[in-house]
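Let's take a walk through a protein model together, one group of residues at a time. Keep the structure open beside you and find each residue as it comes up.

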Amino acid sequence: MSAEAALQVDTKSAADFKAVIRALVEERQDLTRQQSRAVISALLEQRFDEVQTAAVLTALAGKGETSDEIAGAVDAILARHPPFSLGAVKALNIGGTGGDRAGTFNVSTTASFVVAAVGVPVVKHGNRGVTSSCGSSDMMAELGIPILSSSAPQRMRADLEASNFAFVATSAYYGFPAALSAVRKRIGIRSIFNLAGPLVHPAGVELQLLGVARAALMAPIADALVQLGGVRAFVVHGVDGLDEVSCVGETLVSSVQDGVVSGFTLRPEDFDVQPCKLHELRGGDPRRNAQICQDVLLGQSGPFRDATVVVASAALVLAGCAESFKDAAAASRQAIDTGRAYQVLKNFQGGGA
């Protein structure tokens with residue numbers, strides 16, 4: 001039985017599960033968007049057992065997920081959890097797929113405070129660490145943010161009004177089954193949920209700076225964004241392996257706008273930044289990364305600051321707040337040096353108080 005035939009009977013029997021897994025593993029067969037939606041729905045509804053779940057996630061990752069499969073996974077998640085509206089607010093998210101194994105500090109989260117300080121509303125979407133020791137939710141919790149309550153729509157709207165920044169935790173908003181999360185943690189690899197997750201923003205943001213750990217993922221992510229529509233994005237990959245805009249070396253960028261994908265390359269010099277070494281960006285556990293974040297926002301110089309400026313500046317260009325990356329970098333540095341970026345953090349920690 002082919003994967004398509006199996007999905008026509010809605011993957012209700014063990015035989016159907018096995019047929020899907022065989023198609024993925026033995027035939028390396030790609031799923032259509034509709035088939036992917038059915039398979040991911042089955043995972044979310046826990047109609048696969050733990051072994052089958054691990055097999056499906058591993059097979060998809062090993063084969064390489066297509067844009068149709070990623071879009072289908074997004075469809076499945078959105079069917080369970082439709083995004084809420086921010087009204088007229090045009091918000092931005094900075095995130096990544098994870099899986100680069102670089103052990104860097106939480107660059108995207110730190111840069112998000114800077115972007116908010118410049119004037120772009122940010123709703124940071126994050127998770128606990130799966131392929132790293134400190135995800136953005138881990139660092140936020142260390143900073144004293146109650147990530148469960150901060151992820152409530154009414155709280156996010158209030159935080160945006162008070163500090164131009166809000167945070168939503170994947171685990172708090174979507175409530176994925178604990179067994180599924182446990183399997184993902186145990187197999188310890190980047191899965192289709194890492195690829196679809198950043199595309200399924202609970203607030204339906206219109207601007208996305210998305211990092212991927214492998215260059216081969218750029219095209220399917222960008223194409224999936226085109227299929228889904230409604231988002232302007234930069235999909236980025238640091239050629240040193242980072243799922244960020246890199247201050248170590250070149251960064252490949254796929255720009256998604258109005259259904260068209262175009263590409264260009266960035267270098268640290270484009271931001272008036274001197275290249276650093278990858279090991280100089282390494283963070284640690286949540287306490288260490290929270291301290292790095294605060295140090296950067298308080299104006300400490302060095303590679304951590306440079307990495308933050310580079311990522312924040314790319315986001316500002318994406319949002320149309322600067323004509324060039326150098327102009328955006330100047331605005332990012334000013335937001336840090338004047339204390340505005342740190343004040344965004346303090347306002348957010350105080351819940352708008």
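Lys326 and Asp272 form a salt bridge, and their closest N and O atoms are 3.7 Å apart. Lys326 sits in helix 16 (residues 325-337), while Asp272 belongs to the loop between strand 7 (260-266) and helix 14 (286-297), so this pair ties together parts that are 54 residues apart in sequence. Lys326 is partly exposed, with a relative accessible area of 42%. Keep in mind that what you are looking at is a predicted model.

Salt bridges can also share partners: Asp30, Lys63 and Glu69 are joined in this way into one network. How many salt bridges does the count come to? The count comes to eleven salt bridges. Here are three of them side by side.

| Positive residue | Negative residue | Closest N and O atoms |
|---|---|---|
| Arg47 | Glu45 | 2.8 Å |
| Lys63 | Glu69 | 3.0 Å |
| Lys326 | Asp272 | 3.7 Å |

The surroundings of these residues are worth a look too. Arg47 counts as partly exposed because its relative accessibility is 23%, and its partner Glu45 is partly exposed as well, with a relative accessible area of 44%. Now turn to the pair of Lys63 and Glu69. Lys63 counts as buried at 13% relative accessibility, and Glu69 counts as buried at 0%.

**A charged residue without a bridge**

Where does Glu244 lie? Glu244 is found in the loop between strand 5 (232-238) and strand 6 (251-257). This residue is buried, yet it has no salt bridge. Why is there no bridge to Lys124, the nearest side chain of opposite charge? Lys124 is 8.0 Å away, and a salt bridge needs a side-chain nitrogen within 4 Å of a carboxyl oxygen, so the pair does not qualify. Setting aside neighbours within four places in sequence, Glu244 is in contact with Val107, Ser108, Gly211, Val236, His237, Gly238, Thr251 and Val311.

**Two strands side by side**

Lys124 also appears in strand 2 (residues 122-126), where Val122, Lys124 and Gly126 point one way and Val123 and His125 the other way. In a regular strand the side chains alternate between the two faces of the sheet. Five of the five residues of strand 2 are buried, so this strand is largely enclosed by the rest of the structure.

How do strand 2 and strand 3 run, parallel or antiparallel? They run parallel, and five bridges join them. Among the partners, Val123 is matched with Ala166 of strand 3, and Lys124 with Phe167. Strand 3 (residues 165-169) is mostly covered too, with five of its five residues buried. Its side chains also split into two groups: Phe165, Phe167 and Ala169 point one way, and Ala166 and Val168 point the other.

**Rings that meet**

Next come the aromatic residues. The count comes to seven aromatic pairs. One of them joins Phe105 and Phe304 in an edge-to-face arrangement, with 5.0 Å from centre to centre and 70° between the planes. Phe105 lies in the loop between strand 1 (92-96) and helix 6 (107-118), and Phe304 in helix 15 (residues 303-318), so the pair ties together parts that are 199 residues apart in sequence. Phe105 is buried, with a relative accessible area of 2%, and Phe304 counts as buried at 16%. Elsewhere in the list of rings, Phe234, Phe264, Phe271 and Phe325 are linked into a cluster by ring pairs.

Both Phe105 and Phe304 are also in contact with Arg282. Arg282 has its place in the loop between strand 7 and helix 14, and it is partly exposed, with a relative accessible area of 45%. Beyond its neighbours within four places in sequence, Arg282 is also in contact with Ala102, Gly103, Thr104 and Ile292. The C-alpha atoms of Arg282 and Gly103 are separated by 5.3 Å, although these residues are 179 residues apart along the chain.

**A last look at cysteines**

How many disulfides does the structure hold? The structure holds zero disulfides. Two cysteines make a nice pair to look up: Cys293 counts as buried at 0% relative accessibility, whereas Cys321 counts as partly exposed at 45%.

Notes. Residues are numbered from 1 along each chain as its sequence is written. This is a predicted model: local features need pLDDT of at least 70, side-chain atom pairs count only at pLDDT 80 or more; totals for chains, interfaces and linings use all residues. Side-chain values use heavy atoms; hydrogens and water are left out. A disulfide is a pair of cysteine sulfur atoms within 2.5 Å. Buried means under 20% relative accessible area, exposed over 50%, partly exposed in between (1.4 Å probe, protein chains only). Helices (H or I, at least four residues) and strands (E, at least two) are DSSP runs, numbered from the N terminus. Lys and Arg count as positive and Asp and Glu as negative; His and the chain ends are not counted. Contact means heavy atoms within 4.5 Å. Two strands pair if DSSP finds at least two bridges between them. Rings of Phe, Tyr and Trp (its six-membered ring) pair if their centres lie within 6.5 Å; planes under 30 degrees apart count as stacked, over 60 as edge-to-face and the rest as tilted.
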